[in-house]
Amino acid sequence: MSEPIRVLVTGAAGQIAYSLLYSIAKGDVFGKEQPLVLVLLDITPMMTVLDGVIMELQDCALPLLKEVIATDKEAVAFKDLDVAILVGSMPRKEGMERKELLKANVKIFKSQGAALDKYAKKTVKVVVVGNPANTNCLTASKSAPSIPKENFSCLTRLDHNRAKSQIALRLGVTANDVKNVIIWGNHSSTQYPDVTHAKVKVQGKEVGVYEAVKDDSWLKGDFITVVQQRGASVIKARKLSSAMSAAKAICDHVRDIWFGTPEGEFVSMGVISDGNSYGIPEELLYSFPVVIKDKTWKFVEGLPINDFSREKMDLTAKELMEEKETAVEFISSA
């Protein structure tokens with residue numbers, strides 16, 4: 001057995017974490033040979049709930065789980081981390097402007113970025129889930145100058161999986177038969193789910209998605225809208241936001257960072273845009289297609305971008321530029 005790794009989950013008393021913690025602890029993310037110390041951070045009023053979560057994790061009797069630490073203190077939570085999964089954020093309240101939401105979250109992620117900088121390993125991999133995820137991730141990274149920018153990513157894998165599954169449902173295949181869908185941009189309703197480069201296995205043969213679906217107006221219309229609005233649709237139906245699917249996407253995202261992407265396949269994640277070849281402005285946390293090897297991601301290069309895609313990619317970049325400007329203002333004043 002190797003040395004245990006330290007994995008932090010924030011917002012640990014929340015519903016995404018409730019689905020996520022079990023998957024991590026049983027070895028779905030870091031493998032069945034990798035022992036773990038799980039660190040759970042939440043706000044002080046949630047500590048009693050966290051006691052219950054710890055009881056349940058103990059009662060799962062999991063062989064890989066060496067220790068569980070619950071805390072409301074950043075100095076404890078961020079110490080010597082190998083992986084930080086930042087799920088906790090200020091949720092949007094009824095009638096709240098996006099700007100107010102950004103401001104509240106800048107405060108949280110500035111503080112957590114500083115804690116990462118001060119206490120975590122410099123090799124720590126940081127995944128931001130709490131919304132607005134892209135800009136929260138940028139805030140944390142800017143507040144942790146001693147940790148490489150490339151170590152920070154935000155979750156757009158849920159959108160990626162949603163896009164994959166919509167295509168699979170449409171064609172009556174399994175999600176596994178669909179690969180190389182792309183989510184460009186922000187994890188918001190301006191995101192651009194792009195299947196121009198995606199492939200699907202139909203009757204044992206791999207073909208382009210456009211060729212297989214044979215319905216361009218659906219692919220350029222309802223398909224995109226369904227994926228963009230899916231989070232809202234789940235809330236409308238369940239009266240709660242996506243938790244099971246979000247936890248599954250986090251597992252996929254982190255497992256790919258840890259073990260790499262399969263040969264010939266790429267995935268979507270929000271990463272720093274510096275050095276991209278797709279005309280996206282530098283210093284944005286933007287979702288791109290990436291391949292991962294040795295725990296390091298690289299942009300998928302050289303994909304031809306048509307006019308339809310260009311417009312959608314620029315639109316979501318514009319929203320991220322605006323969010324970034326607002327956040328930077330708040331960072332300097334927070």
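Leaving aside neighbours within four places in sequence, which residues is Ser 188 in contact with? In this predicted model, they are Arg 98 and Glu 319. With Glu 319 there is also a polar contact, in which the two side chains come to 2.6 Å.

Ser 188 sits in a loop, with strand 8 (182–184) on one side of that loop and strand 9 (192–194) on the other. Is Ser 188 buried or exposed? Its relative accessibility is 11%, and because buried means under 20%, Ser 188 counts as buried.

A wider view comes from the UniProt record. In an unreviewed entry, UniProt places the feature "domain: Lactate/malate dehydrogenase C-terminal" at residues 156–330. In the model, 46% of the span 156–330 is helix and 20% is strand. The C-alpha atoms at the two ends of this span are 24 Å apart.

The next topic is the open space in the model. Rolling a probe the size of a water molecule over the atoms shows where empty space is left. The largest pocket found has a volume of about 1,600 Å³. Its lining is made up of 47 residues, and the closest to the pocket centre are Ser 89, Pro 91, Arg 92, Asn 131 and Ser 241.

Which helix gives the most to the lining of the largest pocket? Helix 9 does, with six residues. Helix 9 spans 222–238, and at least two lining residues each also come from helix 1 (15–25), helix 4 (98–119) and helix 6 (157–171). Sorted by class, the lining of the largest pocket holds 19 nonpolar residues, 19 polar residues and nine charged ones.

The second largest pocket encloses about 320 Å³ of space. It is lined by 18 residues, of which Arg 157, Asn 161, Lys 164, Asn 176 and Asp 252 are the closest to its centre. Two or more lining residues come from each of helix 6, strand 7 (178–179) and helix 10 (244–259). Of these elements, helix 6 supplies the largest share of the lining, five residues. How many residues of each class line the second largest pocket? There are eight charged, five polar and five nonpolar residues.

Helix 6 thus appears in both descriptions: it supplies at least two residues to the lining of the largest pocket, and five to the lining of the second largest pocket.

Notes: Residues numbered from 1 in each chain as written. Predicted model: local features only at pLDDT ≥ 70, side-chain atom pairs only at ≥ 80, totals over all residues. Heavy atoms only, no water. Helix = DSSP H or I, 4+ residues; strand = E, 2+ residues; numbered from the N terminus. Buried < 20%, exposed > 50% of the residue type's maximum accessible area, 1.4 Å probe, protein only. Polar contact = N/O pair within 3.5 Å; in protein donor to acceptor, adjacent residues only side chain to side chain. Contact = heavy atoms within 4.5 Å. UniProt positions renumbered as here; feature names shortened; annotations may be inferred. 1 Å grid on protein atoms, 1.4 Å probe; cavity = no way out; pocket = protein on both sides within 12 Å on 5 of 7 lines; lining within 4 Å. Points joined across faces, edges and corners; volume = space filled by probe spheres on them. Nonpolar A, V, L, I, M, F, W, Y, C, P; charged D, E, K, R; others polar.
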